[in-house]
Amino acid sequence: MNEVSFIPGLELSRRLFGEVVKPLIATYWPQLRYSAALIGPGSDVLGYDTARSMDHEWGPRLLLFLREDEYDNFEHLLFQFFSTRLPVSFLGFPTNFSAKGTDGTQSMVPIKAPPIRHKIVVTTIKKFFFDELGVDLNWELKNEDWLLFPQQRLLEITRGEIFHDGLKQLQLQCDRFTYFPDEVWRYQLAVEWSKLAELEPLVGRSHELNDTIGAQLIGGRIVHHLMNLCFLYERTYYPYVKWLGVAFRKLPCSEEFEEYLSDALHVDHDFERELWLVKAYESLARIHNALELTELLPEKVKPFYSRPYRVIDAGAFSGELWKSLQGSSLAQLKYRNGTIDQLTLTEYDSGLMRSLKGFLTS
């Protein structure tokens with residue numbers, strides 16, 4: 001296995017389905033109606049996998065979706081069927097996986113003969129979406145529900161690939177989550193600008209105090225918020241921090257912003273940090289105005305009141321966006337905390353999501 005050249009996991013899974021799984025089902029279960037895909041967690045789903053990814057939760061794998069009324073009868077039968085009918089390797093990669101480790105992950109393990117501990121997961125569309133997002137597909141989603149969906153999870157169900165949709169429902173349900181509703185989008189923009197407003201004058205103040213570490217920390221937080229705003233204005237979900245920079249470079253606006261943000265993080269002198277952040281502020285203001293979401297706002301920085309720190313007045317952008325949400329249920333929330341991502345800036349945590357539900361939507 002170590003000598004096998006890496007190929008993208010999505011391609012590996014696509015070929016596993018087309019060359020092995022689909023023919024087996026057609027031969028032995030010709031009446032079975034199902035859908036097949038590689039969606040959900042995994043760097044291979046997002047297309048960010050490399051040879052390094054092969055050490056865990058990577059390999060010949062996919063999901064099979066059954067009808068709700070057939071799942072109980074067929075789930076175990078199909079699992080056992082594939083454990084004896086799959087080849088022990090595919091394109092040089094073992095189809096057998098280890099038992100789950102203490103961290104809950106599995107890795108490819110070569111074997112010479114079945115039974116195979118495979119990763120063809122048999123599920124239903126309803127079960128998959130409940131496990132991923134905690135929603136029942138029969139619900140009519142409200143704006144407040146969207147505040148609890150981590151963008152990483154939304155990426156996981158809108159990327160990857162559906163290989164076969166015999167149930168004629170999987171693509172339809174994935175498409176429901178293509179992007180945030182307009183009011184939820186504006187709400188996040190307003191919150192993100194308000195977070196930026198709290199930080200933009202602090203880089204200059206830290207410089208005055210010769211607080212290099214403080215300026216670096218604040219500058220890093222500002223860069224993170226600017227990146228989040230870029231994703232929002234491009235109407236593109238962002239992944240959690242592990243892949244944030246990789247995904248950012250794929251945005252159309254990154255060609256301009258990457259230089260500003262990278263230099264803001266790597267300057268030799270703190271006063272230079274503000275110079276690069278100013279360029280990013282002004283570029284983002286132009287993007288905002290071009291979309292005509294609000295009244296036109298100044299695209300040039302100005303002093304922070306009587307102090308010399310240069311700011312774009314992010315609070316003005318936030319204020320105008322809140323005005324655009326008048327009449328929305330989101331504008332009536334007691335706390336304007338943003339989404340779970342904006343509140344935590346951490347990787348998705350299901351327990352945290354449940355504990356914050358009332359705080360986010362009260």
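**Pocket and core in a predicted model**

Q: In this predicted model, which element gives the largest share of the lining of the largest pocket?
A: Several elements supply at least two lining residues each, among them H2, S2, H3 and H4. The top contributor is a strand that gives five residues, and that's S5.

Q: How much space lies in that largest pocket?
A: A way to picture it: rolling a probe the size of a water molecule over the atoms shows where empty space is left. Here 42 residues line the largest pocket, with Pro-41, Gly-42, Glu-57, Arg-61 and Lys-119 the closest to its centre. The space comes to about 1,200 Å³.

Q: How many of the lining residues are charged?
A: Split the lining of the largest pocket by residue type and you get 14 nonpolar and 12 polar residues. The remaining group, the charged one, holds 16.

Q: Is S5 mostly covered or mostly exposed, and which residue in it is the bridge partner of Leu-64?
A: Five of the six residues of S5 are buried, so with buried meaning under 20% relative accessible area, the strand is mostly covered. S5 runs parallel to S2, joined by six bridges. On the S5 side, Leu-64 has as its bridge partner Val-122.

Q: Which helix gives the largest share of the largest nonpolar core?
A: That core has 108 residues, and Val-21, Phe-82 and Trp-193 touch the most other members. Val-21, for one, touches Leu-16, Leu-62, Leu-64, Phe-82, Leu-86 and Ile-120, leaving out residues up to four places away in sequence. As for the helix, 10 core residues come from residues 212–233, which is H10.

Methods:
Residues are numbered from 1 along each chain as its sequence is written. This is a predicted model: local features need pLDDT of at least 70, side-chain atom pairs count only at pLDDT 80 or more; totals for chains, interfaces and linings use all residues. Side-chain values use heavy atoms; hydrogens and water are left out. On a 1 Å grid over the protein atoms alone, a cavity is a set of points where a 1.4 Å probe fits but cannot get out, and a pocket is an open set with protein on both sides within 12 Å along at least five of seven lines; lining residues have an atom within 4 Å of a point. Grid points are joined across faces, edges and corners, and a volume is the space filled by probe spheres set on the points. Helices (H or I, at least four residues) and strands (E, at least two) are DSSP runs, numbered from the N terminus. Ala, Val, Leu, Ile, Met, Phe, Trp, Tyr, Cys and Pro count as nonpolar, Asp, Glu, Lys and Arg as charged, and the others, Gly among them, as polar. Buried means under 20% relative accessible area, exposed over 50%, partly exposed in between (1.4 Å probe, protein chains only). Two strands pair if DSSP finds at least two bridges between them. A nonpolar core is a set of buried Ala, Val, Leu, Ile, Met, Phe, Trp, Tyr and Cys residues joined through side-chain atoms within 4.5 Å. Contact means heavy atoms within 4.5 Å.
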